[in-house]
Amino acid sequence: MSAQLKVMVIDDEPIVGKRLGPALEKMGCQTETFVDPAAALGRLAECEFDVVVTDVRMDEVDGIGVLERVKALSKRTKVIMITGYATLEVAHEALAKGAFDFIAKPFKPEDLRQAVARAAEALGIQGPGAAASQA
Amino acid sequence: MQGPITDLFINIDLYSALQVVVLGFIGGVLSGFIGSGGAFFMTPGMMNLGVEGVIAVASNITHKFGKAMVGSHKHGEMGNVDKKLAMYLLLTAAAGIRLAVWISSFLFESGDTHGADKGAGANLYISLVFVSILTAVALSMLKDVLGKKNDGGAGPSRKMVETLARLNLKPLIYFKVADVSVSLWVLLLVGLATGYLAGTIGVGGFIGVPAMIYIFGIPTAVAAGTELYLAMFMGAFGALNYAFAGYVDLRLTMLLYLGSLVGVHLGVYGVKVVNEKVIRLVTGVIILLCVFSRAVAIPVYLRQMEMLNIAASWDGWLNGASKALLFASGLAGTGIIMVNVIKAYRQRLRLKRTIAYSSQPAEQH
Amino acid sequence: MAIVIVSSAIESARRELAQSLAAKLGGVCASREQLVEQATLAGIPVGKLEVAVLKQSTPRERLARLKSRYLSFVTSALCDLASQHRNLVYHGRAGNLLLPGVSHVIRIRLLADNERQLQQTMAALNLDLDKAKDYQRRLKEDVARWVHFMHGTEVDSLNGYDLVLNLAHMSMESAAAAICSMAQLPDFNETPASVRALGDLCLAARARDLLGRDERTGDMDLGVSAQDGRVTVTYMPQQADEAPAISAVLASLQGAREVVCTMALTNLLWLSESFAPDSPDFAHVTELAQRWGAAVELMRLVPQDADDQPVCLASADELTAAGPCRPKEADPTGGIEDDVESKPSAVDGGLAATAERLISLGLFGGGRTLAGGGQEVVAAIKSAPRYSLVMVGDVFMSKGPAVRTRLSRDLAAYVTERITLPVMSKEDLQAKVVFGAKQFSRMALYTALVVVIYLVVFSFQWPIQEFLGSPGSLAMKVVATIAVVSFVPLVAYLFGNSTGLLFKWLRFE
């Protein structure tokens, strides 16, 4: 299966999307980045993504909210939480609500790529993700 | 009570007792350090005091038996005794000794009709073997030590070991403690040769230790430890025979212990603290001096066999020189060892003191 | 003035109690969550620590510096609060461990009512019963691991507490009242000693925090301590060039009578194939290092042909995930760092874990892996001649015990001979009680036996020699032979033991 992995990145800091977008495209993902979580949720309603990468702390809708919404829309979508304010409490809440992975900032793009590759693997997608994880 | 016993055993006064103790000490240091070498020194030393040759040998071998037990135990604790190797060598060496005894007695018997000089042929043969073999051993040892730069790894030359390894003569036997594999055939050959030389010239350790180092590639310390272990069995055999014959002077044996058991500790300590190069240097020097000692006696045998034309009055001088060289070798060897041991001891003592009483605790967190 | 610290794994329970208590005492209430927030804003990525605990796969050793920065930040923040307010109530996970040795701190352990907690969790997080239970269980486990990771003690250990309150049996109100009346007890009054202890703790924490924040000193792994207002910073010899920055950074430290900057005088080189921070060797080495004010450099010696690749930790840099941290606002990356070629983390024989412990003790002087033997060690030591002692630990582990003993000794001898440094084996370090009363009495016993035997033999020398020398019958000969070959080893054994102990006493070992 050679379909491109569809990944959405949500972070209210524009720089995060700017840096992560290319990093994920490098491994062959089709990536859309959002600064506004509400807009992102709108897009999610239109189209199913394989992986959603979201910040936890955002003003309008927080990451947990995004997670709940994504899971409600599409059970199979994997959600990876990224945050600079990780605590065990938040992390366990996210995991209890179905988050796939939890990454603390600061991190290297490679860390995220690995998490995305694992998500692709969990989805049964042998493709860019799997290849990238071995690269 | 003074009976026929006094003909056999000497009267020991305090002075001669002290001399025996000193002999024991030197023999102990040497054997603890090199793994052999006590006998060549102590036996003639006691004979100098007027002890009958056979009594000296018997008391010495009995003493060696007990001391080898203590010494090899110490070496064993430090991981220097390969019992498996010792057993192989013991069996093959026993065969070698039989061979040597057979050759020597053949020469002795056929030593023609010259009556008083009957043993000269055998003596000459023994001395020649002694001189040639030990010269080779000592020189190769010294060359190995002196020919190397300080940094170039102080390990003994492995040329012979590697050549043999390339031949790969199966079956190979692995020795766990020494951590080497040796071909069975090489083992048999060396054991036989060692036994033969031990039986001929009476100093098996001088051959066995270098053979183990250079032919088997065994670390020096293990060679020494294993040799001491071997000596325990050989000593036991000798002690049984001589005790049965009634030649053991228990007093001499015990006096030897007073010195040798102190010496052997220092010798073993020396192996631990003195570096491998010095060990081999000392061993080489001692062997070489022994060789000289025997070499100066060769003209005597030659004259006795009428192969050399010198005055018979020289015999005394040459024998004296031979003896002196022997003592010189023992004293020199012990001297070098003791200097090194004391140096190392003081260094370590200072270190331990520094550690024990260094400056007051610095609060760290 | 009262400082109350409430510890509980359940955040909502401790928050409720602390707030009600602060109101009763008329003081300020602070929480771990607030301090974590401040720390993160100040550029300490505390989240990394949390996630490291969450994902047990992360090598925690790499977070040593971050951990120390977090702890000094929290401690110094607590100190600031305590100095600004008359009464302080702090609540957090294992907060009881934050201000050790200060007697006017009341440490409370709060056990939450499980049933009530479950209901609250279900409501607050919108989870069903099973998921809420699961959530609580996992969180509890992780908090326990976190406590172990951060403080090295077990969360259930009650040693550090003054009082345990179980909310299953009392209301929040009563709990707060109980603590309130406890705070009035004379035992928890300030004393000059407790004030001084708190002051020193705070001073050291502030100094550590300042040093950790500053770019110049952030990655130096310094030993910081304070006593009676005197701050001592110990740095490693290899940091001598950067050391002047320490005083510069600490110039802004308030409340210090004096700042002393000392170089750890020397380095101990610890040579071993494997390291373990819990081993007796570790205790011996660190004890020695502390006494000497020395840093410990680890050198992992592996056989030349070993499979694992040499890993070089030239400094502590690679042990810590985060280098010197800059305030978040100034972070242009949004928390996304650049990719760095990461080396495969080979099996490191406990090097990283031991390094981490040394860092936390302020004794770490570097670590690396070296393949080879004596020659390589000598070359390595010669290239950086700043050691004062080399300690040879467990080397040549793949060999049998006898070979190992010998090879270790040979290695020590080889190194001693080529460098003018003292080299010790682990036996030297462990040999504390070399010679006790027991050994003395044994030595006396053996010596006495030997003296008696010699006296007897030499008193009856002629009868004995006659018996040995001229026995009559075969039976007599056999008896004499057996007597000799059994008596002689006995003498050798007794006298050998006596001299052996004598040499042990003289430390000829």
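Which residue of E7(C) does Ser225(C) stand opposite? Keep that question in mind while moving through this predicted model, for the tour comes back to it at the hairpin in chain C.

**Chain A, as a start**

Select chain A and colour it by secondary structure, where six helices and five strands should appear. Following the chain along its sequence, you will trace the pattern β-α-β-α-β-α-β-α-β-α-α. Chain A has 135 residues, of which 52% count as buried, and among its contacts between residues at least 6 apart in sequence, 61% join residues at least 24 apart.

Now go to the loop between strand E5 (101-104) and helix H5 (109-123) of chain A, where Pro106(A) is found. The peptide bond that leads from Lys105(A) to Pro106(A) is cis, with omega near -5 degrees. It deserves a pause in the viewer, because most peptide bonds are trans.

**Where chain A meets chain C**

Next, show chains A and C together and select the residues that touch across the boundary: 25 residues of chain A are in contact with 31 residues of chain C. On the side of chain A, helix H1 (14-26), helix H4 (88-96), E5 and H5 each supply at least two residues, and H4(A) gives the most, with six residues. If you colour this side of chain A by residue type, you will find 14 nonpolar residues, four polar and seven charged.

**The parallel sheet of chain C**

Hide chain A and turn to the sheet of chain C, an open sheet in which five strands run in the order E2-E3-E1-E4-E5 with parallel pairing. Strand E2 (28-31) and strand E5 (163-166) stand at its edges, and each has a single partner strand, so one side of each is left without a neighbour in the sheet. Looking across the strands, you should see that neighbours are turned by 20 degrees against each other on average, when direction is ignored.

For a closer view of one pair, select strand E1 (residues 2-7) and E4 of chain C, which are joined in the parallel sense over five bridges; within this pair, Ile3(C) has Val105(C) of E4(C) as its bridge partner.

Then add the helices that pack on the sheet. Helix H1 (residues 11-25) of chain C touches E1, E2, E3 and E4 of that chain, and its direction makes about 175 degrees with that of E3(C). H4(C) also packs on the sheet, touching E1, E2 and E3 of chain C, with a direction at about 155 degrees to that of E3(C).

Stay with helix H4 (residues 64-84) of chain C for a simple check with the distance tool: at 1.5 Å a residue, its 21 residues should span 30 Å, and its end C-alpha atoms are 30 Å apart, which agrees. The helix is mostly covered, since 16 of its 21 residues are buried.

**Two loop residues with positive phi**

Most residues other than glycine have a negative phi, and the next two selections depart from that. Ala94(C), in the loop between strand E3 (87-92) and strand E4 (105-111) of chain C, has a positive phi of about 45 degrees although it is not a glycine. Asn126(C), in the loop between helix H5 (114-125) and helix H6 (129-151) of chain C, likewise is not a glycine and has a positive phi of about 60 degrees.

Are these residues buried or partly exposed? Ala94(C) is buried, because 24 other C-beta atoms lie within 10 Å, whereas Asn126(C), with 13 C-beta neighbours inside 10 Å, counts as partly exposed.

**The hairpin, and the opening question**

Move on to strand E6 (residues 223-227) of chain C and E7(C), which pair in the antiparallel sense over five bridges. Here the opening question finds its answer: Ser225(C) stands opposite Thr232(C). Two residues lie between the strands of this hairpin, in which Asp228(C) takes a positive phi near 50 degrees. Strand E7 (residues 230-235) of chain C is mostly covered, with five of its six residues buried.

**Last stop: confidence in chain B**

Finally, colour chain B by pLDDT, whose mean there is 74, with 80% of the residues at 70 or more. Select residues 149-154 of chain B, where pLDDT stays under 50 and the model has five contacts beyond four places in sequence. Then select residues 357-365 of chain B, where the pLDDT is also below 50, although this stretch has 22 contacts beyond near neighbours in sequence. Where pLDDT is low, the predicted coordinates should not be read in detail.

Technical notes
Residues numbered from 1 in each chain as written. Chains lettered and ligands numbered in written order. Predicted model: local features only at pLDDT ≥ 70, side-chain atom pairs only at ≥ 80, totals over all residues. pLDDT = per-residue confidence, 0-100. Contact = placed C-beta atoms within 7 Å. Helix = DSSP H or I, 4+ residues; strand = E, 2+ residues; numbered from the N terminus. Buried ≥ 20, exposed ≤ 12 C-beta atoms within 10 Å, placed from the backbone. Expected span 1.5 Å × (residues − 1). Nonpolar A, V, L, I, M, F, W, Y, C, P; charged D, E, K, R; others polar. Pairing = 2+ DSSP bridges. Axes fitted to C-alpha atoms, helices over the stretch in contact; angles between N-to-C directions.
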